[in-house]
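Student: I have a new structure here and would like to go through it with you. Could we take it piece by piece?

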Amino acid sequence: MRYWLQRLGVAVALLLAVSALTFGAMNLLGDPLFNILGPTSASTLPEDLEIIEAAKAEYNLDDPLPVRYVKWGSAFVTGDFGVQFSVDGQPPVSDLIKERLPRTVMLLIIAQTMAVLIAIPWALFAASRADKAVDKVSTVTSFLFIAIPNFGLAVILKYLFSLKWSIFPLIFNAADPFWTRVWQLVLPAMALALPVASVYQRLLRTDLITTLQEDYILTARSKGVSKRNVLFKHALRPSLFSFITIFGINTGALLGGSLIVEQIFIIPGLGTAIVEAILREDFPVVLAIVMIVTSAFVVINILVDLFYSLIDPRVRAA
Amino acid sequence: MNKNDHIQTDRRMESGAPLLELVDLKTHFKTERGLVRAVDGVTLSLKRGESLGVVGESGSGKTVLARSIMGLLPSTAVKHGSVKFAGQDILGFSAKQMRHLWGAEMSMVFQNPLNSLNPLMKIGKQITEPLKLHLGMDKATATATALQLLRDVRIPEPERRLNQLPHELSGGMRQRVMIAIALACGPTLLFADEPTTALDVTVQAQILDLIGEQRRDRNMSVILVTHDLGVVAGHTDQIAVMYGGKLVEHAPTKTLFANMKMPYTKSLMRSIPKLSDPSHTRLATIPGRPPDLVNPPLGCNFAPRCMYALPKCHVEEPPLTPTADPKHVYACWYPVGSPEFEKRDAELQATGYMPEDFSAVS
Amino acid sequence: MSDGNIHGADIAVDAAGLTATGGVDPNGVSTSDATAQANADGAASKRRLGVGFWIAVFWLFIVFFAATFAPWLPFKDPDSNYIVSGERPPYAPSGAHLFGTDQDARDLLSRTVFGARVSLTVGLVAIGMGMLFGGFMGIMAGYFRGWWDRVISFIFIIFLSFPALVLAILITALLERSLRTISITLGILSIAPVGRIARATTISFADREFVLAARTLGAKNSRIIIRELLPNVLIPMSALALLGMAVAVVAEGGLAFLGLSVEKGPTWGKVILTGAGSRDLQKAPWIAIIPIIVLFLTVLALNFAGDRIRSYFDVRETAL
């Protein structure tokens, strides 16, 4: 129990530090007013002056930095991410987030699922034929997928599977029914999934090979269990631990990667939102998205820790 | 092969033929340094219900012997000779064929019960697995059988144990579980590879007694592999002593202890500390190291370390010769009791070395 | 001779440089000590750098050479438009333009080469900063432990808590996009990953006997760090440097795709981006795909070389 309180404490401290860093960057790198309003901040036109005043009030720019941070932080935690100044009508940022977030989440879930579904059978196959020709081919293949940058892979996949051989559609349409949308996300998810699947696979394969040297595998064989069942029922579960740890950590890498993949496949998710916001110089949006994505990452890592301790009964007993 | 072959084994047994027959069994491993002669020509036979002890230091080949018979070797291993189980030559069997025997006709209890049980699988499941696999039991029957097996091996609170994981049990209990697993399908041949080495002395005796009891109840043959002569003393019908991959002495147990021929066996005997020894008795050890199995020495494998070795021992390998009792064979030019041995023994005692005190040799 | 064995596999050395000895099957049967020792002696000879390593080095040499001396080598101007009258760009690869041109008729070969200048510089500066600052902080934390360690580790963890690229996006969004800012931003982001490994390596070495020995001989801390620890820590770090550089180059590419890379001049990311639109991709795939291949080969070479160095110097204390 104490361990969990400690862990929670660390997480909270981390979130505070991360938010402080992000907020600090926003407010210290360049003129905060400019960061919020863009070129409008320097304008002297009367209508703009009103906006400038509103921005100053909204973002408490007349207050000292720490006060601003606290006010922003408390608003953020309650879901008030500020206002999109660059959009007509100045809708709240949370609207944008609500609209865009689900698509990114969907993309990530599909990508991780695909990665796991690819990696586990692949690893089992490679481990059972360790060092034979097939395994060497598999090793080279995974190296290739790990080396290729995901934007490069995305472009190539788009070229091959959407343009040259029209298997997958080019456009993501938010209005389409659920499963159509899933299909539209398959190719971008592949661009994300293939490299991480290769990483998972290599890790799992190595752990499987190590596990297969354990004494209890010999016991299983001496009971007459078939090679396949030895792999699936006896060797797989104890080998999953590093894989699971990496799985959690990788979600962060995928988050970053999805930002780019969304751009390439023109998916209206958080990634494209942040790029548009940067182009429009609407920095509150940028700040909000960065914070959300980072907080999600921190939370996921905690959940991975929690999950890890739950599945390994030896850790629980200790 | 399926469970009905089990019955065939029994039928074959009625004719009185031995259950297990090894003829010049050799197991070599291909490695980068060369061919490792882990087992280099072993001939034995074992009847149904009999118990054989295989004794030797680490590196003597005793574990490889057991695994060779069972067929649990990696692909670097090359076997020669013949291994007949219930009349059938199984040396050339593929893994697929052997799988029908493993767990069903022959099974093994391993040395370290903590590592030999799957840490993430419940005990009950580990026991019912072979039952379902070989005997086709459904879950209910298998669980009931598992429960009975746990009782047979005298584990307290068997119902609770079924749902526990290995780390929740003590070392002795884990070994009992290993035995239960090995006995599950009623094999005719049980291998026990150093079953007590990882356990406390008090528990050791219990485990050995348990194995003996099960042997009698099930009319099962047992091959007990150990480095400890004390372990085999009270629990075996015959003993095979191995050194450097070769069988150096083989006799019915009582005969061996009464009349050991090989100096190596004698030194093994002497290296067992006895409670009756006065305190601070020097621990007798056999100086030197086991032979290089890739390039074994010329002549007798033990000669470099043998205090009784004479020139011939370093040049010619002694064959296995029987004593007056045809069941007792040994491989030594100058065995215990021979004039050369007695002369050397006297010399050693005269220079102040007690026969028990080999460790004083430089 | 009969072979009634389990037909599994033997493992000598796998591509990640792990060395296992004896026979290992999916059946998990391992051989006796004798064969384990025999195989360990043989496995040591397999720990060479290998042909692949030198091929990778060769490729890297070509790329670096071309990038460094680009202005003096016979490449076309990367910003000029080589329009052939009567034909609309983009032009496919040909004798005049080995990699073809982009939609504005700019020569892709030279854009790739000049782009390499930027991308590789970013990579070098980023990993250089990472090694210098991250390495320093990591070694301090790992050697002195205590308060140093707690503070430095916390700093590392904060930076590592940001998902990949997100912090880079934030900073580059706020600042001007020059070669300097991009390089330094990625450099700052390299500090934590490199530092973490430096710390871990230092800790594992600081516990070893030779450090203890130096201490008991009365050596000052700085001497111990420089003479004893640094050489040992540098080796895994240099393997890491190559890998880290690959990551930085890819990161620049990623930033370019988000419109956040260096504003002036070509970079690999920007060159690829030029050709990544659906229409261009369909009609003129070479614009994106050729630079992707160049980038891919470079990253592959860096990864592979780094990996081989690591396994070459990875002296296992116990043969498996």
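Student: What area is buried between chain B and chain A?
Tutor: This is a predicted model, where local features need pLDDT of at least 70 and side-chain atom pairs count only at pLDDT 80 or more, while totals for chains, interfaces and linings use all residues. Residues are numbered from 1 along each chain as its sequence is written, chains are lettered from A and ligands numbered from 1 in the order in which they are written, and side-chain values use heavy atoms, with hydrogens and water left out. Buried area is the accessible area (1.4 Å probe) that two parts lose on being put together, summed over both. Carbon and sulfur atoms give 63% of the area here, and the total between chain B and chain A is about 2,000 Å².

Student: Which three residues supply 30% of the area that chain B buries against chain A?
Tutor: The contact (heavy atoms within 4.5 Å) takes 26 residues from chain B and 19 residues from chain A. No other three residues of chain B supply more of its buried area than this trio: B:R99, B:L120 and B:E129.

Student: Which residue of chain A meets B:E129 in a salt bridge?
Tutor: A salt bridge needs a side-chain nitrogen of Lys or Arg within 4 Å of a carboxyl oxygen of Asp or Glu. By that rule there is one across the interface of chain B and chain A. The N to O distance is 3.1 Å, and the partner of B:E129 is A:K223.

Student: How many residue pairs are in polar contact between chain B and chain A?
Tutor: A polar contact is a pair of N or O atoms within 3.5 Å; within protein, one must be able to donate a hydrogen and the other to accept it, and residues adjacent in sequence count only if both atoms are side-chain atoms. With both residues at pLDDT 80 or more, the count between chain B and chain A is nine.

Student: Which element gives the largest share of the side of chain B that touches chain A?
Tutor: Helices (H or I, at least four residues) and strands (E, at least two) are DSSP runs, numbered from the N terminus. Elements that each supply at least two residues to this side include α2 (62-70), β6 (106-109) and α5 (123-135) of chain B. The largest share is five residues, and they come from α5(B).

Student: On to the other contact: what area do chain A and chain C bury between them?
Tutor: This contact takes 58 residues from chain A and 60 residues from chain C. Carbon and sulfur atoms hold 78% of the buried area, which comes to about 4,900 Å².

Student: How many salt bridges does the rule find across the interface of chain A and chain C?
Tutor: Polar contacts between chain A and chain C do turn up, in two residue pairs, both residues at pLDDT 80 or more. For salt bridges across that interface, the count is zero.

Student: By class, how many nonpolar residues are on the side of chain A that touches chain C?
Tutor: Ala, Val, Leu, Ile, Met, Phe, Trp, Tyr, Cys and Pro count as nonpolar, Asp, Glu, Lys and Arg as charged, and the others, Gly among them, as polar. Sorted that way, this side of chain A has eleven polar and eight charged residues, and its nonpolar count is 39.

Student: How many helices does chain C have?
Tutor: Of its 320 residues, 51% count as buried (under 20% relative accessible area, 1.4 Å probe, protein chains only). Chain C has zero strands, and its number of helices is eleven.

Student: Which strands stand at the edges of the open sheet in chain B?
Tutor: Two strands pair if DSSP finds at least two bridges between them. The sheet has eight strands with mixed pairing, in the order β6-β7-β8-β3-β9-β10-β12-β11. Each edge strand has a single partner, so one side is left without a neighbour in the sheet; the two are β6 and β11 (321-322) of chain B.

Student: Which residue of β9(B) is the bridge partner of B:G53?
Tutor: Strand β3 (residues 51-55) and strand β9 (residues 238-243) of chain B run parallel and are joined by four bridges. In β9(B), the partner of B:G53 is B:I239.

Student: How many residues lie between β1(B) and β2(B) in their hairpin?
Tutor: β1 (residues 20-31) and β2 (residues 34-46) of chain B pair in the antiparallel sense over ten bridges. One of the bridges links B:T31 to B:G34. The number of residues between the two strands of the hairpin is two.

Student: Where is A:I266 found?
Tutor: Its phi is near 50 degrees, a positive value in a residue other than glycine. Most residues other than glycine have a negative phi. A:I266 sits in the loop between α10 and α11 of chain A.

Technical notes. Buried means under 20% relative accessible area, exposed over 50%, partly exposed in between (1.4 Å probe, protein chains only).
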